[in-house]
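Here is a friendly briefing to read with the structure open beside you. Take it one topic at a time, and find each helix or residue in the viewer as you go.

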Amino acid sequence: MSDERRVVRELIGAHGRTYAEEAGIRLKDTPQPLYRLLVLAVLLSARIRASVAVAAARELHEAGLRDPRRMAEADWQQRVDALGRGGYRRYDERTATQLGDGAELLTRRWGGDLRRLREEADGKVPELRRLLQEIPGLGPAGADIFLREAQRVWPEVAPYLDRKALDGAERLGLPKDPERLLKLAGDTEPAVLAAALVRASLDKEVAEDSLRRAG
């Protein structure tokens, strides 16, 4: 086994968990899980620890704000409070507003169903990425987060290894070529590989742990 393949194997073995999984989202190509993933992507977009964003996503779900209608109908303070319980305090007021506005836009334009946004993009990933950025709070980084995870259920998106994932590969001394990385990962799903690489990009200890395990 090559050194690079060993590093990828150890990275995935220890850190190959998608952010949707961490947030308790059983991702399927149905409206509610896709919406919960969208909310998670908005939360992860801010300059805040991923663990805090994941905790906040869980709290919003526990508060019943798990679809666009309920998110839009909740008052602003309810959203702020749920975010606060997740530790998401620095950006809670602005994000509470963005989540409300985004839910209203999603309902008005796509009937609360992100599959309709997918249909509008007609299978074109650049168009998908552009349409996602029309949602308040979701810039280029947030669109990348959503698509990295959604590639599990939207096959036309895969393989999606964005700049953040490739930054993780560079930190690990791996090639920054997506095709080579996918080959090194073998049968691992692209979404899992991408999440593991992003974790290495965001956390130096993840990279060091994987390199140490690989010997």
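What follows covers two helix pairs, two covered helices and a few single residues. Keep in mind that this is a predicted model. Two packed helices are described by the angle between their axes and the distance between the axes.

**Helices α9 and α10**

- Start with helix α9 (residues 125-132) and helix α10 (residues 140-150), which pack at an angle of about 125° with their axes 9 Å apart.
- An angle over 115 but not over 145 degrees falls in the oblique class, and α9 and α10 are therefore oblique to each other.
- Their crossing, that of α9 and α10, is right-handed.
- On the α9 side, the residues in contact are V125, L128, R129 and L132, and they meet P140, A143, D144, F146 and L147 of α10.
- Sorted by class, this contact of α9 with α10 has seven nonpolar residues, two charged ones and no polar ones.

**Helices α1 and α14**

- The second pair is α1 (3-15) and α14 (204-214), whose axes come within 8 Å and cross at roughly 125°.
- α1 and α14 are therefore oblique to each other, and their crossing is right-handed.
- From α1, the contact takes in R6, V7, E10, L11, A14 and H15, while α14 brings V206, D209, S210, L211, R213 and A214.
- By class, the contact of α1 with α14 divides into six nonpolar, two polar and four charged residues.
- Pick out S210, which is found in helix α14.
- Is S210 buried or exposed? Its relative accessibility is 0%, so S210 counts as buried.
- Leaving aside residues up to four places away in sequence, S210 touches E10, L11, H15 and L172.

**Helix α3**

- Helix α3 (residues 31-45) has 15 residues, which at 1.5 Å a residue should span 21 Å.
- The end C-alpha atoms of α3 are 21 Å apart, which agrees with that expected span.
- Most of α3 is covered, with twelve of its 15 residues buried.
- The buried residues of α3 are P33, L34, Y35, R36, L37, L38, V39, L40, A41, V42, L43 and L44.

**Helix α13**

- Try the length check again on helix α13 (residues 190-202), whose 13 residues should span 18 Å at 1.5 Å a residue.
- The end C-alpha atoms of α13 are 18 Å apart, which agrees.
- α13 is mostly covered too: eleven of its 13 residues are buried.
- Those buried residues of α13 are A191, V192, L193, A194, A195, A196, L197, V198, R199, A200 and S201.
- What covers the buried residues of α13? The cover includes α1, α2 (19-22), α10, α11 (163-171), α12 (178-185) and α14.

**Backbone details in the loops**

- Most residues other than glycine have a negative phi, and most peptide bonds are trans.
- D122 has a positive phi of about 55° although it is not a glycine.
- You can find D122 in the loop between α8 (114-121) and α9.
- D122 has a relative accessible area of 57%, so it is exposed.
- The peptide bond from A158 to P159 is cis, with omega near -5°.
- Look for P159 in the loop between α10 and α11.

Conventions:
Residues are numbered from 1 along each chain as its sequence is written. This is a predicted model: local features need pLDDT of at least 70, side-chain atom pairs count only at pLDDT 80 or more; totals for chains, interfaces and linings use all residues. Side-chain values use heavy atoms; hydrogens and water are left out. Axes are lines fitted to C-alpha atoms, for helices over the stretch in contact, and angles run from 0 to 180 degrees between N-to-C directions. Helices (H or I, at least four residues) and strands (E, at least two) are DSSP runs, numbered from the N terminus. Angles under 35 degrees count as roughly parallel, over 145 as roughly antiparallel, 65 to 115 as roughly perpendicular and the rest as oblique. A crossing is left-handed if the near helix is turned anticlockwise from the far one by less than a right angle, and right-handed if clockwise. Contact means heavy atoms within 4.5 Å. Ala, Val, Leu, Ile, Met, Phe, Trp, Tyr, Cys and Pro count as nonpolar, Asp, Glu, Lys and Arg as charged, and the others, Gly among them, as polar. The expected span of a helix is 1.5 Å times one less than its number of residues. Buried means under 20% relative accessible area, exposed over 50%, partly exposed in between (1.4 Å probe, protein chains only).
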